[in-house]
Amino acid sequence: MAYKNYIAGEWRDAESGATTASRNPADTSEVVGEVAESDVADATAAIDAAVEAQDEWASTPGPERGAILRRTGSLLAERKEDVTETLVREEGKTWSEASGEVQRAIDIFHYYAGKASDLGGEVKQSSSRDTSLYVRKEPIGTVSVITPWNYPIAIPAWKIAPALATGNTVAFKPATNTGITGVRLVECLEDAGLPDGVVNLVTGPGKTVGDTLASDERVDGVSFTGSSGVGDIVYQNASANQTRALLEMGGKNPTVVCADADVDEAVDIVASGAFGVTGQACTACSRAIVHEDRYDEFVSKLTERAASIDIGPGLDDPGMGPQSSEGELSGTLDYIETGVDEGATLETGGGRPDGDGLDEGYFVEPTVFSDVDPEMTIAQHEIFGPVVAVIPVGGFNEAIDVANGVEQGLSASVVTNDLNKAHRFVDEVDAGVVKTNEKTTGLELHVPFGGMKASSSETYREQGDEGLSFYTITKTVYMNY
Ligand code: ADP
């Protein structure tokens, strides 16, 4: 099956006619489908269409825009089973994880449908007589949405829904290896009655399609989620035209386990944060920072937990699916080798699992390292796989120093029943999302999400009410009558 670009309301092949195979990471002999391998010309056509549709969409009443978003969410709900299957086949996560993600996308469309009907402004007292003074929000115009493969429907949803709610048009590039999931989402938008040109989808390489979406001077905002290296390029391309950019990038997220913690609870929290979605979340836990009094017990129980996780194709809904691509798998295996070379103790995992058919996919074992020094590579670099480094510390202040001693600051959690430590953690940790007695992953859609330090461009947050800010510009009106 071949999947096309969607530009100006038409499903079109790439101008070159080229396609790329999207393969199942659990069984690479299975081609899930072919997606258009687009080029600069296709990306430019998508922006042309979005610019053309802009004025009409911006002047469509908010409640009317909201009704289309609501229908999109409902269509996605009707197609949930089918979309979940596409997502599992294309990205590899387990059925439960994928179905939860599709549900999140449905909920996001319904949430921003409500916002579209309810966009407000502010009225203030003027210093002059017979003058009303008010502040209104307008759409910024045309936005590019560039998304990664790890949450191939939730992340596009949390960018596209607020963009549309506020009256912007969109040029959307999903990651190439999850292009079909992107198509499934756009099909719902089309069938919900979205006017032609309001959302345009182009699949293809980052270097050409992504680069064009970030650099075209007609684009008013670029919303990007992906790696730090690509985020830097996107930022430079956007800022060359003074285009607004929102970047969500990596994390090296810690869970601090205090001396008073219930170790079994701490193991649950770290294991689900580290091994859920095969460790391929920007909020995944990759460092457990554990008080020395509980260290041995924690390491042994976490090791036992990791070794007990059943690995298999996502369609069988196992404990953990494969990595999403060969590149991700080899990146993880390289980091594991570096961990061993630098002297950390490999407690469990570290390689590719044996088992029926597992060698046909990008499977890797859940991996636990102990005796990790905070300066080691595995304690500093983001590893986009199921690997956790357990670092011993002598006390709470040292734990905070270690937690903050990395470049990123996305999500952080602490396991303690001591109210004082819980509050001090919130005060002192450098992270945009802070949790007590919970895993670092998992977000609620109606509160802001974003990181500190190198994890994000700090000017805008996604999701919740704040998620609307990136897509709007403020106009202040002095109405002297
Ligand atoms: P991930 O591996 O998490 O998908 P990447 O940063 O590699 O993260 O990719 C995120 C998105 O950015 C993908 O859609 C990718 O195709 C796109 N991309 C890659 N290179 C560029 C680039 N130079 N300019 C714009 N987008 C790019």
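Glutamate 101 is buried in this predicted model, its relative accessible area being 3%. Its salt-bridge partner is lysine 93, with 2.5 Å from N to O. Lysine 93 is buried as well, because its relative accessibility of 3% falls under the 20% cut-off. Both charged side chains of this bridge are therefore covered.

This bridge belongs to a wider set, as a search of the whole structure finds 23 salt bridges. Another of them joins arginine 12 to glutamate 10, where the closest N and O atoms are 3.2 Å apart. Here the partners are partly exposed: arginine 12 has a relative accessibility of 29%, and glutamate 10 has a relative accessible area of 45%. In helix 14 (residues 419-428), arginine 424 and glutamate 428 sit 4 residues apart, about one turn of the helix. Their side chains form a salt bridge, with 3.8 Å between the closest N and O atoms. Arginine 424 is partly exposed at 27% relative accessibility, and glutamate 428 is partly exposed at 33%. Salt bridges also build a network, which links Asp264, Arg294, Glu297 and Lys301.

Turning to the aromatic side chains, a search of the whole structure finds 6 aromatic pairs. In one of these, the ring centres of tyrosine 6 and tryptophan 11 are 4.6 Å apart and the planes stand at 40°, so the pair is classed as tilted. Tyrosine 6 is buried, with 4% relative accessible area, whereas tryptophan 11 is partly exposed at 29%. Tryptophan 158 and phenylalanine 449 make an edge-to-face pair, because their planes meet at 75°, with the ring centres 5.9 Å apart. Tryptophan 158 belongs to helix 5 (residues 154-165), while phenylalanine 449 lies in the loop between strand 20 (433-436) and strand 21 (452-453); the pair therefore ties together parts that are 291 residues apart in sequence. Both tryptophan 158 and phenylalanine 449 are buried. Ring pairs also join Tyr460, Phe470 and Tyr471 into a cluster.

On the surface, a patch of negative charge brings together Glu292, Asp293, Glu398 and Asp401. Two helices, helix 10 (292-307) and helix 13 (396-404), each contribute at least two residues to the negative patch. Aspartate 293 is placed in helix 10. With a relative accessible area of 59%, aspartate 293 counts as exposed, because the cut-off for this class is over 50%.

How values were computed. Residues numbered from 1 in each chain as written. Predicted model: local features only at pLDDT ≥ 70, side-chain atom pairs only at ≥ 80, totals over all residues. Heavy atoms only, no water. Patch = residues over 30% accessible without salt bridge, like charges linked within 9 Å, V, L, I, M, F, W, Y side chains within 5 Å. Areas by Shrake-Rupley, 256 points an atom, 1.4 Å probe, with all protein chains shown as cover. Salt bridge = Lys/Arg side-chain N within 4 Å of Asp/Glu carboxyl O. Lys, Arg positive; Asp, Glu negative; His and termini not counted. Charge placed at Lys NZ, Arg CZ, Asp CG, Glu CD. Buried < 20%, exposed > 50% of the residue type's maximum accessible area, 1.4 Å probe, protein only. Phe/Tyr/Trp six-rings, centres within 6.5 Å; stacked < 30°, edge-to-face > 60°.
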